[in-house]
Amino acid sequence: MTTRLPRRSVDRAILGILATATALLLAACAVPTLPPDASAPAAVPGVGEPAIGRPGAFAPVPAAPVAGRGRWVPADWSELPGFADDDLFEAWNAWTKSCEKPGPAYAALCGDVRRLSIGTPEEQRAWMMAKLQPYRVESAEGNPEGLLTAYYEPVVPASRLQAPGFNVPLYAPPAGLGQRKPWYTRQQIDTLPEARAALQGRALAWLADPVEAMVLHIQGSGRLRISEPDGSVRLVRLAYAGTNDQPYRSIGSWLLQNGQVRDATWPGIRAWLAQNPQRTNELMWTNPRYVFFREEPLDALDASFGPRGAQGVALTPGRSIAVDRTSIPYGTPVWLASPGPTAALQRLVMAQDTGSAIVGAVRADYFVGWGADAGEAAGRLKQSLRLWALWPRGLSGGPSP
């Protein structure tokens, strides 16, 4: 037997259901947008307020992505140290650069990223909290602590032609480099007639100092103040173009392990070589890896950015990092926190590069810029690190490094 409700009760019930459905629909569609009046800042969720579960604000937290050598653990925005204080302007420039070659996970966000390049930090933060989910990056064993180092772009005097005092070559890749893996070692390149024949006519420039050449090989790129045959001096960039596929060995570590120095910084290495010039080749040959370069023009705009990283976009000083791409895909915005002692850093950075020594989930190399001051800063920076990857909300599946 069916019990029938009075008509008024039915009407009230239907109206209640419709009202609830309408409220849920509006809540699901609510996304922070730039206000019509740019002088009125967008409301920013409090950093101490849990972002997940705020009514109508965000989509559900996606499943934790699979992340190569480590794991990603869902986190709240309140966990990110200094998130409310970062200026974000330089980071947004770096993000706009990433949008020149975005990964599939972030391509759909690039329109908003470009529009928000003229937004306030408050608007940018509100958008990030609506569109992205933080994940704490940990090792496979669950350790959130890792290592931060730094790198830079050297600026070095050079000669276009071999000349007295300029006898250290920087080469373009030889023909057929990829057909032989690994290629000749550094020592073989310097001594074997067949290796030297393969590089005949491939020198892009000549340096005076073998240590400067090694710095360029380690950093992977650099700026040259190059003297041309007509007497003019130009500023050009040498960018990474490949290696001989030999393993990298640190010459500083070799000096320490053999008791030759206590200071394995570049000034320490130069001081040792000044006292032991006859052992220059012996030291350099302990690192069998050899890097080849390509020359790029350097106009005023290019000179305001760093070299192109592995993502294929120009690096931004203080906002680009090199990562282990099996753990963090290129183009991922990352919150970086490192307490010091050399530099206290809490900021948004972009994963735009990689390096042979950058291995592990919680591992980053911080791009500090170019020139002598940047080199000094990069040489000192070696400290603890924590990372949070910011992954698009509602994206099915995990990253594909």
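Helix H4 is mostly tucked away in this predicted model, with 8 of its 11 residues buried. The buried set is made up of Glu-123, Gln-124, Arg-125, Ala-126, Trp-127, Met-128, Met-129 and Ala-130. Cover for these residues comes from elements that include H2, H3, strand S3 (132-139), strand S13 (345-353) and S15. One of the residues buried in H4, Trp-127, pairs up with a ring from H2. The centres of Trp-95 and Trp-127 are 5.6 Å apart and the planes stand at 65°, so this counts as an edge-to-face pair. Trp-95 belongs to helix H2 and Trp-127 to helix H4 (residues 121-131), so the two rings tie together parts of the chain that are 32 residues apart in sequence. Both Trp-95 and Trp-127 are buried.

Trp-95 turns up again in the largest nonpolar core. That core has 64 residues, and the members touching the most others are Trp-95, Met-128, Leu-336 and Tyr-366. The biggest contribution comes from strand S15 (residues 382-392), which puts in 6 residues. There is also a second, separate core of 16 residues, with Leu-204, Leu-216, Leu-224 and Phe-293 among its members. As a rule, nonpolar side chains in soluble globular proteins tend to be buried together. Leu-336 gives a feel for the surroundings in the largest core. Setting aside neighbours within four places in sequence, Leu-336 is in contact with Leu-148, Ile-321, Leu-345, Gln-346, Arg-347, Val-349, Tyr-366, Leu-385, Arg-386 and Leu-387. One of these partners, Tyr-366, is itself among the residues that touch the most other core members.

Aromatic rings meet in quite a few places, with 13 aromatic pairs in the structure. One of them joins Phe-83 and Trp-335, which sit edge-to-face at 5.4 Å centre to centre, with 70° between the planes. Phe-83 comes from the loop between strand S2 (70-74) and helix H2 (89-98), while Trp-335 comes from strand S12 (residues 333-338), so this pair ties together parts that are 252 residues apart in sequence. Both rings are well out of the solvent's way by the numbers: Phe-83 has 1% relative accessibility and counts as buried, and Trp-335, at 0%, counts as buried too. Elsewhere, ring pairs link Tyr-171, Trp-183, Tyr-184, Tyr-290 and Phe-292 into a cluster.

Rings also pick up charged partners. The charged end of Lys-97 sits over the ring of Phe-305, at 4.3 Å from the ring centre. The charged end of Arg-223 does likewise with Trp-370, at 4.0 Å from the centre of that ring.

On the covalent side, the structure holds 1 disulfide. The partners are Cys-99 and Cys-110, with their sulfur atoms 2.2 Å apart. The torsion about this S-S bond is about -90°, so the disulfide is left-handed. Cys-99 lies in the loop between H2 and helix H3 (110-115) and Cys-110 in helix H3, so the bond ties together parts that are 11 residues apart in sequence. Both cysteines, Cys-99 and Cys-110, are buried.

Tyr-330 is another residue that brings distant stretches together. Tyr-330 lies in the loop between strand S11 (320-323) and S12, and has a relative accessible area of 18%, so it counts as buried. Ser-98 is 232 residues away from Tyr-330 in sequence, yet the two C-alpha atoms are 8.5 Å apart in space. Leaving out residues up to four places away in sequence, Tyr-330 touches Ala-310, Gln-311, Arg-325, Ala-351, Asp-353 and Thr-354.

Taking the chain as a whole, the secondary structure amounts to 12 helices and 15 strands. Of its 401 residues, 47% count as buried. Among contacts with a separation of 6 or more, 79% are between residues 24 or more positions apart.

As for confidence, the chain averages a pLDDT of 84, and 82% of the residues score at least 70. Residues 1-60 are another matter: the pLDDT there is below 50, and the stretch has 44 contacts in the model beyond near neighbours in sequence. Residues 397-401 also stay under 50, with 11 contacts beyond four places in sequence.

Notes
Residues numbered from 1 in each chain as written. Predicted model: local features only at pLDDT ≥ 70, side-chain atom pairs only at ≥ 80, totals over all residues. Heavy atoms only, no water. Core = buried A, V, L, I, M, F, W, Y, C linked by side-chain atoms within 4.5 Å. Buried < 20%, exposed > 50% of the residue type's maximum accessible area, 1.4 Å probe, protein only. Helix = DSSP H or I, 4+ residues; strand = E, 2+ residues; numbered from the N terminus. Contact = heavy atoms within 4.5 Å. Phe/Tyr/Trp six-rings, centres within 6.5 Å; stacked < 30°, edge-to-face > 60°. Lys NZ or Arg CZ within 6 Å of the ring centre and 35° of its normal. Disulfide = S-S within 2.5 Å. pLDDT = per-residue confidence, 0-100.
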